[in-house]
Every structure is written in structure tokens, then in C-alpha cells.
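Hello,

I am passing on the structure we talked about, and my notes follow below it. Please have a look when you have a moment.

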Amino acid sequence: MADSTPAQEALARRGLMFILSSPSGAGKTTISRMLLEADDEIKLSVSVTTRPPRPGEKDGVHYYFVDDAEFDRMVEEDDFYEWATVFGHRYGTPKGRIRAALKGGQDFLFDIDWQGTQQLYQKDQQDVVRVFILPPSIDELRRRLESRGQDEKAVIDARMERARAEISHWDAYDYVVINEDVNACFAKVREILDAERMKRQRQTGLIPFVRELMS
Ligand SMILES: Nc1nc2c(ncn2[C@@H]2O[C@H](COP(=O)(O)OP(=O)(O)O)[C@@H](O)[C@H]2O)c(=O)[nH]1
Ligand SMILES: Nc1ncnc2c1ncn2[C@@H]1O[C@H](COP(=O)(O)OP(=O)(O)O)[C@@H](O)[C@H]1O
């Protein structure tokens, strides 16, 4: 590759950890998939879970599906950045090569709950951006869980039961977006990501660039 110009160098930046959380059914999976499709610079951090796959979910793409014994082994071997129990199943973020990739400018998307968000934030405040998605109403939240058509009624009831508790964590996030119209919500989430990428402290190439401008 040809040497980059000073202006291109200025674009060098540290990657960020972009977290999307919401009560179940508010639309974070939908928004995550839109973002991954539209933006080449962000990669999904694929979580490990003991929950059984839903129809259409692929191992290694949406989650790594493991049994309890395998999850226990990973906990013992300290393979997780963070993990939590949600709706009776365990979910965890594998360490993988996230830290090294962040240094190289790779962004990661995390679809994790408030417990995982808190743990990641405590470990790495400067790289974490926390976005919370709210449904326009509780009735609409139930409609969406039903319309997804992938969970039994008892599972949907349990998720609705927990919705209020999950919503109560809204104030531990940097940004809150209401998902009424999905395209409008997606556009806002992209704006947040774009703006966060421009933060001065993330633009690691700026110092030499500005020095050059001023010399
Ligand atoms: N802490 C933590 N939460 C996770 C992780 N992966 C998924 N979750 C959360 O677990 C919850 C249940 O996820 P899922 O069963 O896929 O149902 P969803 O609510 O429809 O997305 C959601 O709040 C996810 O954000 C993880 O690695 N760590
Ligand atoms: N703005 C929206 N308007 C109507 N339906 C939506 C909207 N956003 C998401 N949905 C639908 O609601 C259901 C739940 O969305 P999903 O992304 O799976 O939520 P979550 O990952 O937060 O549990 C899906 O069937 C999805 O297609």
C-alpha cells in the first residue's frame, strides 16, 4: 500500500466499544443488524450463551451456543470480559482479541444487558459508549415480543415482567433513543456512532497532524 498522506494519518483512531441495551423486544437486535450491515468498521462481539438457539439463529454468528458445563469451564479459565444471568440463562462476552483490535481502530458492537454494560464500563471507561433503546409504550413492547413469534407465551410473560426492572437502568447510559419508527431510530444510533468516532481522544492521529499544520 502507498504511504498515507498526513491528512489520512489524521484519520487514525482508537476503536470503541459500542453497547446497545434495551428491554427485550424494544428492537436492539434489529438495530444491531442494520448497523452491522451498513457499517464496515464495526464488528459484533459474539456472546456465549446457554440459552437454546431460536429458529434462524446460527452458532458463531448470533451467539456461541454452549451447555452449562462448557460455560462453567470458560468461567473457570477466565475466558470472559463479563458475564451475567438473564432470564435464567447465562450470557458472556468472550475476551478474544478485543483489546488489541481496539488499538488498531476496530469498533465492536455489544448487544448486552445492563449488568454486562456496568462491568465493561468499570473495566474500560474511555472506550465504552452506552446506548439504551426504549420502546414507545409498554403495549407496543408486548406486541413486538408477540409479533417476533419466537418465544412461548410464558417466556414472553417473563420478559414483560422484567421489562420495568430493565427500563429502570436507563440512567446508567450515555444516550437514550426511543424506537418508534425503526429507520428513524437507526439513523439516530448511527449519528451517535459517527459523533463518538470523532471524539478528540479517539483520534490518535491528530497530534502529529496538528503539529504539522502549525509548523
Ligand atoms: N451481560 C450480558 N448480557 C448479554 C450478553 N449477550 C446477550 N445479553 C443480553 O441478554 C438478554 C437476552 O438476550 P436474548 O435471549 O438474545 O433475547 P433478546 O432480549 O431478545 O435480545 C438481552 O438483554 C441481551 O442484551 C452478554 O454477553 N453479556
Ligand atoms: N420500530 C419498530 N416498529 C415495529 N416493530 C419493530 C420495531 N423495531 C423492532 N421491531 C420488531 O419487534 C420485534 C422485537 O425486535 P428485536 O430487535 O428482536 O428486539 P430485542 O433484540 O430488543 O429483543 C421484532 O419482530 C422486530 O422486527
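Which polar backbone atom is 3.5 Å from a nitrogen atom of ligand 1? That atom belongs to glycine 116. It makes a polar contact, that is, a pair of N or O atoms within 3.5 Å.

This is a predicted model, where local features need pLDDT of at least 70, side-chain atom pairs count only at pLDDT 80 or more, and totals for chains, interfaces and linings use all residues. Residues are numbered from 1 along each chain as its sequence is written, chains are lettered from A and ligands numbered from 1 in the order in which they are written, and side-chain values use heavy atoms, with hydrogens and water left out.

Two arginines also reach ligand 1 through polar side-chain atoms: arginine 51 lies 2.6 Å from an oxygen atom of the ligand, and arginine 159 lies 2.9 Å from an oxygen atom. The protein covers 99% of the 560 Å² of accessible area that ligand 1 has on its own (Shrake-Rupley method, 1.4 Å probe).

Around ligand 1 there are 20 residues (a heavy atom within 4 Å), and Tyr63 and Glu82 are among the closest. By class, this shell holds 6 nonpolar, 6 polar and 8 charged residues (Asp, Glu, Lys and Arg count as charged; Ala, Val, Leu, Ile, Met, Phe, Trp, Tyr, Cys and Pro as nonpolar; the others as polar).

Enjoy exploring the model!

Technical notes. Polar contact = N/O pair within 3.5 Å; in protein donor to acceptor, adjacent residues only side chain to side chain.
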